[in-house]
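Thanks, everyone; I would like to take a few minutes to go through how two chains meet and how they are related. Please have a look at the model first.

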There are 2 protein chains.
Amino acid sequence: MEEEKRPILQFAPFQSVVDEGFWHRLSSLKLNELGIDDSPIPISGFYAPCSHPQVSNHLTLLSESLPSEASEKSSTSHGNRNRCWVPGTLYNTNTLETYHGLDKQALLKAEAKKIWDDIHSGKAVEDSTLLSRFLLISYADLKKWSFHYWFAFPALVLEPAATLNDIKPASQWFSSKEAESLSAACNEWRQMTATADVPFFLVSVKSDSSVSLRPLKDWELCDGDGQQVFVVGFYDPCHLPNNPGWPLRNLLALIAARWNINKVRFLCYRENRGFADLGLSLVGEALVSVPTGWRDHDCVPTAVGWELNRSKKGSRCISLAKTMDPTRLVVTAADLNLKLMRWRALPSLDLNVLFSVKCLLLGAGTLGCQVARMLMAWGVRKITLVDNGRVAVSNPLRQSLYTLDDCLNGGEYKAIAAVKSLKQIFPAVEAEAVVMSIPMPGHPISSQEEESVLNDCRRLHDLIDSHDVVFLLTDTRESRWLPTVLCATSNKITITAALGFDSFLVMRHGAGPFSLSINMSNLSLSENKGKHRLGCYFCNDVVAPIDSTANRTLDQQCTVTRPGLAPIASALAVELLVGILHHPNGAYAEAEHANVSLSASYERPLGILPHQIRGSLPQFSQITLVGHSSKSCTACSETVVSEYRNRGMEFVLQAINHPTYLEDLTGLTELMKSANTFDLDWDKDGDAIDDEDEFVEI
Amino acid sequence: MEEEKRPILQFAPFQSVVDEGFWHRLSSLKLNELGIDDSPIPISGFYAPCSHPQVSNHLTLLSESLPSEASEKSSTSHGNRNRCWVPGTLYNTNTLETYHGLDKQALLKAEAKKIWDDIHSGKAVEDSTLLSRFLLISYADLKKWSFHYWFAFPALVLEPAATLNDIKPASQWFSSKEAESLSAACNEWRQMTATADVPFFLVSVKSDSSVSLRPLKDWELCDGDGQQVFVVGFYDPCHLPNNPGWPLRNLLALIAARWNINKVRFLCYRENRGFADLGLSLVGEALVSVPTGWRDHDCVPTAVGWELNRSKKGSRCISLAKTMDPTRLVVTAADLNLKLMRWRALPSLDLNVLFSVKCLLLGAGTLGCQVARMLMAWGVRKITLVDNGRVAVSNPLRQSLYTLDDCLNGGEYKAIAAVKSLKQIFPAVEAEAVVMSIPMPGHPISSQEEESVLNDCRRLHDLIDSHDVVFLLTDTRESRWLPTVLCATSNKITITAALGFDSFLVMRHGAGPFSLSINMSNLSLSENKGKHRLGCYFCNDVVAPIDSTANRTLDQQCTVTRPGLAPIASALAVELLVGILHHPNGAYAEAEHANVSLSASYERPLGILPHQIRGSLPQFSQITLVGHSSKSCTACSETVVSEYRNRGMEFVLQAINHPTYLEDLTGLTELMKSANTFDLDWDKDGDAIDDEDEFVEI
């Protein structure tokens, strides 16, 4: 009779609180591991008994809420006394449309069914953490660092709703002796590792006023034990003086459905400074009737629980871009484009190789600037630029790292200006500038200059030694000679880009002449011996590099080229490097031609790894070709490398001062009498680019 | 007897004074007209009687000293009273080595021989300006704006040297009456146009103390007229109280060689404030003996005259870079690379077309940034960038006009940041930013948005109308639709660049469907009618452009591409434009394939003009192909363009709001039943890029 006047028992819902770390971890997980896989992910939420009115009803997600990444070894604990674990499920969609199109009713019902099943099976009695669950749907826009999301905290709905007989502070409900005992029992429960994060329990009050806390399953063991008064307790995240928090809902459902009790006394356990506070904690008595449908096991009760956003149902969105540390934001943004490649197009892309490879760029002109940009875009972060020139006023239009500011007061050194510019583009780049000249053969020097030139030689040697990759991008043919010798000696990946007026050459040098004996163990290719070594930039030449800058008219000095060439050649040079770095044989890889069978290219999704690429703007054409190493090469032949190894700087000095020395040494002087000595394979007939084009860098 | 004690007559040499304007004019002449032609050039020097001790012995070169450029119409006058003309010869070499290697003795001798011949022939008596000549050798380093140069003022050497009997101020030599008359005669001579710049003359002193000035040739007419005392006079640039200036040397040589006089009285005519000053002017008496060899006409007397540099013989060097107006310096530097192309490689390059063409870039992303850079490098100066986005932190690594500073505070608008960046590279660029969205078909809008979207349509229409070239570089297929319709309607040069993951497409759209009737008069190609019109970006599609951004995963949204693609595609897009602008038929040019015969490509040194270029990074390949226009094209077909012409904005709105409208209109809906309807010619078999690649911009 009175029932109708009794108030409905009302619960304060959970409020989601998501730490930024969660979103960062999610972003990282999505980018690095999940890719386009959008299967649901088990995640963890945390809550604790309320201990401060300002932190009420929080269900918190932290970075640990997500599965740890494969690369990390930390074991995730389910929780502790201040982070009681709530199992959750994350549905992170790939698109905003999918997110908005999710069937939220069905998802909630599926989650509620887990709770329902656990109640029926008794699992929820064994492990009461299963009584609270949550659901998170999200769409992570990693491009903008914004996250659309919506939480649900599924609660099984009692129909008719439970009503409230009474609710008051626990300190008023219990006698002072009981209260004292209860406090002690609670504090103990909260201190024991085994129980600290178990959010549901029984409060057993004996007639001697002693109170103990026991696990839920004890109800079923001790059912009917008349000596005890049982109260069901739960960690209440709520601070309100007249309402329990959300977890009680599913507990009542369990009690009604499983234990068939109509009058339930409950303890809303709350704390102050980490200890039980029975003044804040509530005890209430609810009247519950079991909905008729519940008798049927297949029935899943109605569930509610989608979180409100400013009192209305609604998705939330958070943007982290503004609060992120700018450098970190840039780094993650930079990685985004690369990591996205791995999702679908290029799963085998090895970003760690790119992140760690050390590249030395000789020349910071049109090619050097563009190559540096391309390297950064590919994720390369260790870049050293060598140049002795200063930025001139005609440079910025073609040399893409400079502006007019760099030309003031005589011009900044190009290497320094380039590094400054790279950092303005990507602050995490580890770029270094080296202002020095590259000694050149056939440019005789005076004895006063000798020490300084030899210092440059040694410095160049050290630079090449300490890098993995060397790009030859200087502005004369002869300035590529010493680097080529040094690279052949220390067997570095070496890439040359050179421009004619309207055609270009991009090539990788073959491994050094003494590399095979040392490195053959890495190779399965038995035929890769000596004669098949790929050539270097000088292998096709019948004259040694000499002073090519002398006596050149202005249009020859400025090495006039069509503006489109340098960006194309630079891009291909870097793509070629990425190919080498991903080839199992690296610098030792044999040359591949275009038109290779598709199946082979599927094995290496980056595509073929040619030796040389030549392109022609007038023909809008591009071909790959192979040139093997020449025994008379003035830069990479055994003779030359041996001489360098044996005589070092003395040899270099001789080459610098005596224009014919290299030709004499390598036998080129004799070879010049018979011209057709090259082993040059073209990969198609006809339309070869004029070989007499002089390729130089600008 | 006394002769040996008499002092040698010593002359103050000319000092060269070169106005910066001379070097600017020379640079311009070299770049624009001379190219590698290094033939000697007749030039003019100027001097005047000394009128200030600080301006002594100057021989001045001004911009007028050089021949006027063909493009200018100004007639060069030989001089005036303050700029008495001295004929000179410029040897401007192409290289520093040639400059240093010039045979200076021989050059000087050649110039001296001209003077000697003019003395012997009597020409120098008729026209006394021929007695002074000069010689300038130079090397203009137009890259650094520095000029190496050396002057010579050839003087025939009397052997033995002339000696001086006496020298004193003219005011002391002449009686006061004579002096008064002389002053008047000099002032009159200097005022008459016919004589003002005649630097050598006779002073005739009659017995009545009247003095007159007469031309040199009068000597030979009046030889032996006992009534007159003759003094030879010359405009003396020197201010020294005891020495005549340089011009007297060749005058004495003339007198000795031609008139056979041993005792010569000379007047060093000097001025003060523009009038004769006989206190500064000197009269001297020199004893001259004719060298024996001079009797022989074939003998050329020894000559001296290479200018000293700080008391030593030596070449001089001036750098103008520091004093030039920075913007002018930048503009000239920018032009340098382009103008040098015309010297040898590309004489037919039409820079005026490039300087004046107006380019509209739709999209300021990876492609837009790079295309703008390439355009500037080719000399294009009128660039408008359209984009509605802001610079995001992930952009600078691939979008080459932005740095991190552009990402602060939510990011600058891309169009605005790009324009700022272009100006930092080249301040003379006329770049404009337009922040607006491009309306897209199949993206239905609400009626509230309608007015704003239609405004965007009209604005886009006006933008396209006011430009010559439109680049389609936006980030979705459907945002290229309306610009394609508008370009086809107003018949603009239209270039599309689009990227897949590792392949790209660059193409020019065919002329509009109604262009042929209007423009056929320009064309000689009779077969170019309707059916052969080249296709547009949409001609190969069997579906109308619709919303492609909806429901795309992150890697699809970011349109992940290999970093090397965009620079290559952008470079080719701009090279393609340069080709169109240089083709006699422009946008109407037929498509050409690679492998065209070499003779044809020599006719147009820029090379072939293809319709489409497709490139593949995995294959390092590039092919050209042709696709003709489709009658069912949703963008450039007659049907669509007619609808736009007739219904304007109403038509656009229908396309925006009704995804199937365009397909219905063009008959595509029906066509989709039969698939192979395209007229697509590949220029080679095999290795075609997968047509199903979705090309999009990033």
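I will call two residues in contact if their C-beta atoms, placed from the backbone, lie within 7 Å. What you see is a predicted model, in which local features need pLDDT of at least 70 and side-chain atom pairs count only at pLDDT 80 or more, while totals for chains, interfaces and linings use all residues. Residues are numbered from 1 along each chain as its sequence is written, and chains are lettered from A and ligands numbered from 1 in the order in which they are written.

With that contact criterion, 72 residues of chain A meet 72 residues of chain B. Among the elements of chain A that each supply at least two residues to the side touching chain B are helix H2 (96–101), helix H9 (326–343), helix H17 (565–582) and strand E26 (621–627), where helices (H or I, at least four residues) and strands (E, at least two) are DSSP runs numbered from the N terminus. The largest share of that side, nine residues, comes from H9(A).

How, then, are the copies related? Superposed by least squares on the C-alpha atoms of residues with pLDDT of at least 70 in both, chain A can be laid on chain B with an RMSD of 0.3 Å, by a turn of 179° and a shift of 0.0 Å along the axis. That is the relation of a two-fold axis. In chain A, the C-alpha nearest the axis belongs to Ile568(A), 2.3 Å from it, and 100% of the contact residues of chain A recur in chain B, so that the same surface serves both copies.
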